[in-house]
Amino acid sequence: GDLLLATTPTNFEVYNVLELNGVLYAAGDVCIDRFNVHTRSWMEPLFPENGVISMTTDGSRLFSVGDELSIDVWASNGSKIETITLGMSANPTSLAWDSLTGSLLVAMGEDGLGRLEMSSGSIDVWNENDDFEDGFAFDVVARNGIAFVPIEGEGVARVDLVSGDVLGTWK
């Protein structure tokens, strides 16, 4: 059966929901509430230091980003593994995981798209200086090594994450 999640015990607004290993994570205005789908019970919430705007998973870990470009990495049991600081000033709007490249992607509002390669720790940024579409990047999704970034009023910018090439924008 389906589970209808209308609200959580802690959050008034819920922005993002995902499932990892039988637990629903609901990111909202206060924290990340957790719901065990097997026992149908609420678990202790997670409280990221900088709040939570978006989250994603690589299938074993949960990544969350808040008001600053600091990414919290959580184990599936709810313990914080680490906080990754990207060392730049931007307003994150969304996270995505690309399994082909093992990269965490961050849509950064007016500042384009950022990528953190988890194995090497290297950071790449695409913005208007790289022929990346100028405008507000409000979301990001990845599929087979391609990042798709909707740009407000401009279309969907695309980046080949393997070659690093900007592929152009679907308008």
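**Entry 1: I71**

I looked up I71 and placed it in strand β7, residues 70-75. Strands, like helices, are DSSP runs numbered from the N terminus (strands: E, at least two residues; helices: H or I, at least four). The model is predicted: local features need pLDDT of at least 70, side-chain atom pairs count only at pLDDT 80 or more, and totals for chains, interfaces and linings use all residues. Residues are numbered from 1 along each chain as its sequence is written, and side-chain values use heavy atoms, with hydrogens and water left out.

Is I71 buried or exposed? I noted a relative accessible area of 0%, so I71 is buried. The classes I used are buried for under 20% relative accessible area, exposed for over 50%, and partly exposed in between, with a 1.4 Å probe and protein chains only.

I then listed the contacts of I71, leaving out residues up to four places away in sequence: F63, S64, V65, E82, T83, I84, L86, L95, L104 and V106. Contact here means heavy atoms within 4.5 Å. One of these residues, L95, I checked further: I71 and L95 are 24 residues apart in sequence, and their C-alpha atoms are 9.5 Å apart in space.

**Entry 2: the sheet that includes β7**

I traced an open sheet of four strands in the order β5-β6-β7-β8, with antiparallel pairing. Its edge strands are β5 (54-57) and β8 (80-85), each of which pairs on one side only. On average, neighbouring strands in this sheet are turned by 20° against each other, direction ignored. For such angles, axes are lines fitted to C-alpha atoms (for helices over the stretch in contact), and values run from 0 to 180 degrees between N-to-C directions.

How many bridges pair β5 with β6? I found four, joining β5 to β6 (residues 61-65) in the antiparallel sense. Two strands are taken as paired if DSSP finds at least two bridges between them. Within β6, V65 is the residue opposite S54. As background, strands of a sheet pair through backbone hydrogen bonds, either parallel or antiparallel.

**Entry 3: the sheet that begins with β1**

A further open sheet has four strands in the order β1-β2-β3-β4, and its pairing is antiparallel. I marked β1 and β4 (41-46) as the edge strands, each pairing on one side only. The average turn between neighbouring strands of this sheet is 20°, direction ignored.

I looked more closely at β1 (residues 14-20) and β2 (residues 23-28), which run antiparallel and are joined by six bridges. N16 has A27 of β2 as its bridge partner, and L20 has V23. Two residues lie between the strands of this hairpin, where N21 takes a positive phi near 50°.

In the segment before β1 I located F12. Its relative accessibility is 76%, so F12 counts as exposed. Which residues form a nonpolar surface patch with F12? They are V30 and F47, and the three together have about 370 Å² of accessible area. Patch residues have over 30% relative accessible area and no salt bridge; like charges are joined within 9 Å, and nonpolar side chains (Val, Leu, Ile, Met, Phe, Trp, Tyr) within 5 Å. Accessible areas come from the Shrake-Rupley method with a 1.4 Å probe, and for residues only the protein chains shown count as cover.

**Entry 4: salt bridges**

I searched the whole structure and found six salt bridges. The criterion is a side-chain nitrogen of Lys or Arg within 4 Å of a carboxyl oxygen of Asp or Glu.

R115, E117 and D124 are linked in a network. The closest N and O atoms are 3.4 Å apart for R115 and E117, and 2.7 Å apart for D124 and R115. I recorded R115 as buried because its relative accessibility is 7%. E117, at 22%, is partly exposed, and D124, at 26%, is also partly exposed.

I also examined K171 and E133, whose closest N and O atoms are 3.6 Å apart. This pair links distant parts of the chain, 38 residues apart: K171 is in the segment after β16 (166-170), and E133 is in the loop between β12 (123-126) and β13 (141-143). K171 is exposed at 75% relative accessibility, whereas E133 is buried at 17%.
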